[in-house]
Amino acid sequence: MLEKTISENTIHQKITTIWTDFSVFFAFLVITIMAIFANDLFFTSTNLMNIARQVSVIGIISMGMTLVILSSGIDLSVGSVLALTGIVTIKVLNSTGSVIVAVLVGLAFAAFSGLINGVLITKGKVPPFIATLGVYASARSLALYINNGGNISGKVVGYISIANDELMGISYPAYFFLAITILMYLFTQKTRYGRYIYAIGSNENAARLSAINVNVVKCFTYIICGLTVGLASIVESSRLNSISSAASGYGYEMDAIAAVIIGGTRMSGGKGTIVGTFLGVLILGIINNMLNLMNVSPYLQGMCKGLIILVAVLMQKKD
C-alpha cells in the first residue's frame with residue numbers, strides 16, 4: 001500500500017513537472033492547430049511572414065520586459081518611451097542625414113530612459129509600478145510637446161531599409177527579434193548577471209545577503225529593457241518612415257506584459273524563461289492574426305487579450 005502511494009506521488013510529481021516546463025509549448029501547438037483548421041488563409045507563407053513581421057516589435061520589447069519581471073519589477077513606460085525615442089531618432093536623422101548617428105542616438109536615449117527608471121526604483125525607493133507610470137506619462141507628454149501632437153517623417157531614404165528590406169524572403173525585423181531572443185537566452189542562462197536577476201526576483205533580501213549588488217543589477221535590467229525599446233522604436237519608425245507622438249506605442253506595455261506572462265514568467269519574479277516569452281509572443285501574434293482573419297471587431301480584441309492574461313495567471317497559480 002505504501003509503495004503504491006509513493007508510486008502515485010512520483011507520477012503526479014512528474015506530470016506536474018512536465019506541465020510546468022512545457023505548458024507554453026503545448027498551448028502554442030494547440031492554438032496553432034486550431035488556427036490552421038479555423039481558416040484556410042492562416043497556414044500560407046504570406047500570412048506567416050506577416051505574423052513574423054507584426055510580432056517583431058512587441059517581441060523585441062518583451063525580451064527586455066522579461067528581465068524586468070524576472071527581477072520582480074515592471075515597466076509601464078515602454079510604449080511612451082518608444083514614441084519619444086522614435087521622435088528623437090527621426091529628428092537626429094533629418095538634421096544629420098546619417099542613419100548610423102540617428103540609430104546610435106536613439107538607442108542611447110532609450111537606454112537613458114531605462115536608467116531613469118532604474119535610479120528612481122533603486123535610489124529613490126519608488127515602487128516600480130509608480131516610477132514607470134510616472135515616466136510613461138512624462139515621456140508621452142514630452143513626445144506630444146516636441147512634435148506638437150502630430151507625426152514626424154524621415155527624410156533620409158536609407159532609413160526605411162532597416163525594417164522594410166528582406167533576406168531570403170524574411171523581413172529584417174524578424175531577424176532582429178530572433179537575434180535578441182538568442183542574446184537574451186544566453187544572457188539569462190550563461191552569465192552571472194543572468195543568475196543574479198533570478199536570485200533577486202526569488203528573494204531580494206537573500207540576494208543582498210549573498211553579496212549581490214541588487215541596485216546595480218536592477219538598474220542594469222531597466223537599461224537593457226530601455227535598449228530593447230530603443231531597437232523596437234527604430235524598427236517601428238523605419239517601417240512607417242514616421243512616428244506619431246499620440247498613437248505610436250499606445251498599449252504596447254500591455255502586449256509586452258501579456259506575452260511575458262503567457263510565456264510562463266511569474267509576475268512576482270524569479271521564475272520564467274526567454275524561450276517561454278518567445279512562444280508567448282508567437283501565441284499572442286497568432287491570436288491577433290486569427291481575430292483579424294475572423295473579422296472580430298478590434299474593440300473586442302483587447303477583451304480577448306485580457307481574458308488570456310487572466311487564464312495564464314490562474315494557470316500559474318496551479319503550478
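Exposed, in these notes, means over 50% relative accessible area, and buried means under 20%. I am working with a predicted model, so I treat every entry below as a reading of that model.

**Entry 1: two loop residues**

I began with M168, in the loop between β2 (166-167) and β3. Is M168 buried or exposed? Its relative accessible area is 72%, so M168 is exposed. I also looked up its backbone and found a positive phi, near 55°, in a residue other than glycine.

Next I went to N295, which sits in the loop between α12 and α13. N295 is not a glycine either, yet its phi is positive, about 55°. Its relative accessibility is 69%, and therefore N295 counts as exposed.

**Entry 2: S171, a strand residue**

A short walk along the chain from M168 took me to strand β3, residues 170-171, where I found S171. With a relative accessibility of 5%, S171 counts as buried because the cut-off is under 20%. Which residues does S171 contact, once its neighbours within four places in sequence are left aside? I noted R53, A163, D165 and E166.

**Entry 3: the cavity**

Then I turned to empty space inside the model. Rolling a probe the size of a water molecule over the atoms shows where empty space is left. How many cavities of 30 Å³ or more are there? I counted one. The largest cavity holds about 40 Å³ of space.

I wrote down its lining: D75, S77, V78, V81, A110, S113, G114, N117, G226 and V229. By class, that makes four nonpolar residues, five polar and one charged. Three helices, α3 (78-96), α4 (99-122) and α10 (214-240), each supply at least two of the lining residues. Which helix gives the most? α4 does, with four residues.

**Entry 4: helix α4**

After the cavity, α4 deserved its own entry. Helix α4 has 24 residues and reaches 34 Å from its first C-alpha to its last, close to the 34 Å expected at 1.5 Å a residue. At its N-terminal end I found a cap: a side-chain oxygen of S98 lies 3.2 Å from the backbone nitrogen of V101.

I listed the buried residues of α4 as A102, V103, G106, A110, A111, S113, G114, N117, G118, I121 and T122. Among them, A110, S113, G114 and N117 also appear in the cavity lining. What do the buried residues of α4 pack against? I found α3, α5 (128-146), α6 (161-164) and α10.

**Entry 5: V88 on helix α3**

I picked V88 as a stop on helix α3. Its relative accessibility is 19%, and so V88 counts as buried, since that is under 20%. Leaving aside neighbours within four places in sequence, V88 is in contact with V105 and F109. I also checked V88 against E253: the two are 165 residues apart in sequence and 20 Å apart in space, C-alpha to C-alpha.

**Entry 6: helix α10**

Helix α10 came up in the cavity lining, and I wanted to know how enclosed it is. Its 27 residues reach 39 Å from first C-alpha to last, close to the 39 Å expected at 1.5 Å a residue. Of those 27 residues, 20 are buried, so α10 is largely enclosed by the rest of the structure. Just after α10, N241 takes a positive phi of about 55°.

**Entry 7: the second largest pocket**

My next lookup was the second largest pocket, with a volume of about 590 Å³. Its lining has 20 residues, and Q54, I58, Y252, D255 and N288 lie nearest its centre. By class, I get seven nonpolar, eight polar and five charged residues. Which helices each supply at least two residues of this lining? They are α2 (45-70), α10, α11 (252-262), α12 (274-293) and α13 (298-317).

**Entry 8: K305 on helix α13**

I finished on helix α13, where K305 lies. Is K305 buried or exposed? K305 has a relative accessible area of 14%, and so it is buried, being under 20%. Not counting residues up to four places away in sequence, K305 touches M254, D255, L284 and N288. Two of these names, D255 and N288, are already in my pocket entry as lying nearest its centre. One last distance: K305 and L227 are 78 residues apart along the chain, with 26 Å between their C-alpha atoms.

Key:
Residues are numbered from 1 along each chain as its sequence is written. This is a predicted model: local features need pLDDT of at least 70, side-chain atom pairs count only at pLDDT 80 or more; totals for chains, interfaces and linings use all residues. Side-chain values use heavy atoms; hydrogens and water are left out. On a 1 Å grid over the protein atoms alone, a cavity is a set of points where a 1.4 Å probe fits but cannot get out, and a pocket is an open set with protein on both sides within 12 Å along at least five of seven lines; lining residues have an atom within 4 Å of a point. Grid points are joined across faces, edges and corners, and a volume is the space filled by probe spheres set on the points. Ala, Val, Leu, Ile, Met, Phe, Trp, Tyr, Cys and Pro count as nonpolar, Asp, Glu, Lys and Arg as charged, and the others, Gly among them, as polar. The expected span of a helix is 1.5 Å times one less than its number of residues. Buried means under 20% relative accessible area, exposed over 50%, partly exposed in between (1.4 Å probe, protein chains only). Contact means heavy atoms within 4.5 Å. A polar contact is a pair of N or O atoms within 3.5 Å; within protein, one must be able to donate a hydrogen and the other to accept it, and residues adjacent in sequence count only if both atoms are side-chain atoms.
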